[in-house]
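Thanks, everyone, for making the time this morning. I would like to walk you through a few helices, so please have a look at the sequence and the structure before I go on.

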Amino acid sequence: MSQEEQSLKNEWPLWEVFVRSKNGLEHRHFGSLHAVDAEMALQHARDVYTRRMEGVSIWVVESKQITASDPAQQTAYFEPAQDKIYRHPTFYELPEGVKNM
Amino acid sequence: MSEQEQMRERSLEEEFTKRIAQDEKIEPKDWMPQRYRQMNIRQISQHAHSEIVGMLPEGNWITRAPSLLRKVTLLAKVQDEAGHGLYLYSAAETLGISRDEMYEQMLCGKAKYSSIFNYPTLTWADIGAIGWLVDGAAIVNQVSLTHTSYGPYARAMVRICKEESFHQRQGYQIMYKMANGTPEQKAMAQDALNRWWWPSLMMFGPRDAESTHTDQSMAWKIKIKSNDTLRQMFVDQAVPQADILGLRIPDPHLRYNPETAHYEFGAIDWEEFWQVVKGHGICNKQRLADKNKAWKEGEWVRKAAVAYAEKQAKKRVRKAG
């Protein structure tokens, strides 16, 4: 028995739940839950996260499948965007009287 | 720890304290002091256990609810409590403790849950009193916790608060109906209020002066308001609600102070509180025995679910092959 199978005996794997509140909106992260497989994760997600019509569609993804950026590297990772204010429209001053821009 | 490591630890902690002071939220993979992690695990898991054990006193009345509407309402409420427990366990798991470890701590009696659930539900009016007072007290606490510094805990609190207000209203409605019913029904409602009032005040925990974790917990914004502050908020809300019911709060010292604009109330029986916390309440043993029984008797279900999932996975492999 592999290590992964052994741990499955003790605790069901963790899944992340994403719910679309209504058509036209994106799926948003709602929380997580334990389930033996994807099918059970979907059923549990419905019972745990959509008891009051909070959604019309659910995605589940096993938590270990998610690769996340490292918060310790946050500055190095995101700072390069900070000094590029010319990417925002407010950087450009318009002459008096210009409309529809 | 080497001197260099200690210096690094100190600078990380300074950075952390600064972030808390600026009301920044802490997220699971961020650096945090070990004690911050432990205090959050302790508080969130206790909170989760309270939701789970809290299903028992109410579950007691599902089969005996006086009408179909009351029955489906109570079922929905108890299902919500299960959901709230699950949100909170998930939040605690992001701090690195496993679900099984937390659950085991609850089952063996090592972890605490709210002392209120160690009181019995003797009549239908108790279901009303629990919704009105116990959920009411929980809401006061939880609304303040939506501002807690640990992100996953704060998000769970927002979700829970949204759902909890139905719990309080349905309880208050039960009380209102009974308080305006036959003299016997009104007496039942009064009796339930008499028994649940003081334990509800105890839900906020020891007085500030005796609360061991409060200082650090508030400095790190794990707790936002102190036990005594929250207790006072609850009393100020509940007294006018009792007046509308036409019921009397069982406290001869209760009086409104127009200068402070607060209700002053009598002394809480802290001896009773500590007895219940230490496991000597009316229902402590029964609650833990019931949870252990459910866990043990559910073992074959958990095993069967894993066996079924493995079988399905093998089938998929065969098909693909």
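Let me begin with helix 8 of chain B, whose 20 residues should span 28 Å at 1.5 Å a residue, and because its end C-alpha atoms lie 30 Å apart, the two values agree. Please keep in mind that this is a predicted model. Helix 8 of chain B nevertheless bends by about 35° at Trp196(B), and within four residues of that point there follows a proline, Pro199(B). Both Trp196(B) and Pro199(B) belong to the buried residues of this helix, which also include Ala189(B), Leu193(B), Trp197(B), Trp198(B) and Met202(B). As for what covers the buried residues of helix 8, helix 6, helix 7, helix 10 and helix 11 of chain B are included.

That brings me to helix 10 of chain B, which runs over residues 227–245 and reaches 27 Å from its first C-alpha to its last, close to the 27 Å expected for its 19 residues. Among its buried residues are Asn227(B), Arg231(B), Phe234(B), Asp236(B) and Leu245(B), and the buried residues of helix 10 pack against helix 6, helix 7, helix 8, strand 2 and helix 11 of chain B. Just after this helix, Gly246(B) takes a positive phi of about 75°.

Finally, a word on chain A, where Gln43(A) is found in helix 2, residues 38–49. Is Gln43(A) buried or exposed? Its relative accessibility is 46%, so Gln43(A) counts as partly exposed. The C-alpha atoms of Gln43(A) and Val17(A) are separated by 11 Å, the two residues being 26 residues apart along the chain.

Notes. Residues numbered from 1 in each chain as written. Chains lettered and ligands numbered in written order. Predicted model: local features only at pLDDT ≥ 70, side-chain atom pairs only at ≥ 80, totals over all residues. Heavy atoms only, no water. Helix = DSSP H or I, 4+ residues; strand = E, 2+ residues; numbered from the N terminus. Expected span 1.5 Å × (residues − 1). Buried < 20%, exposed > 50% of the residue type's maximum accessible area, 1.4 Å probe, protein only. Contact = heavy atoms within 4.5 Å. Bend = angle between axes of the 7 residues up to and from the residue.
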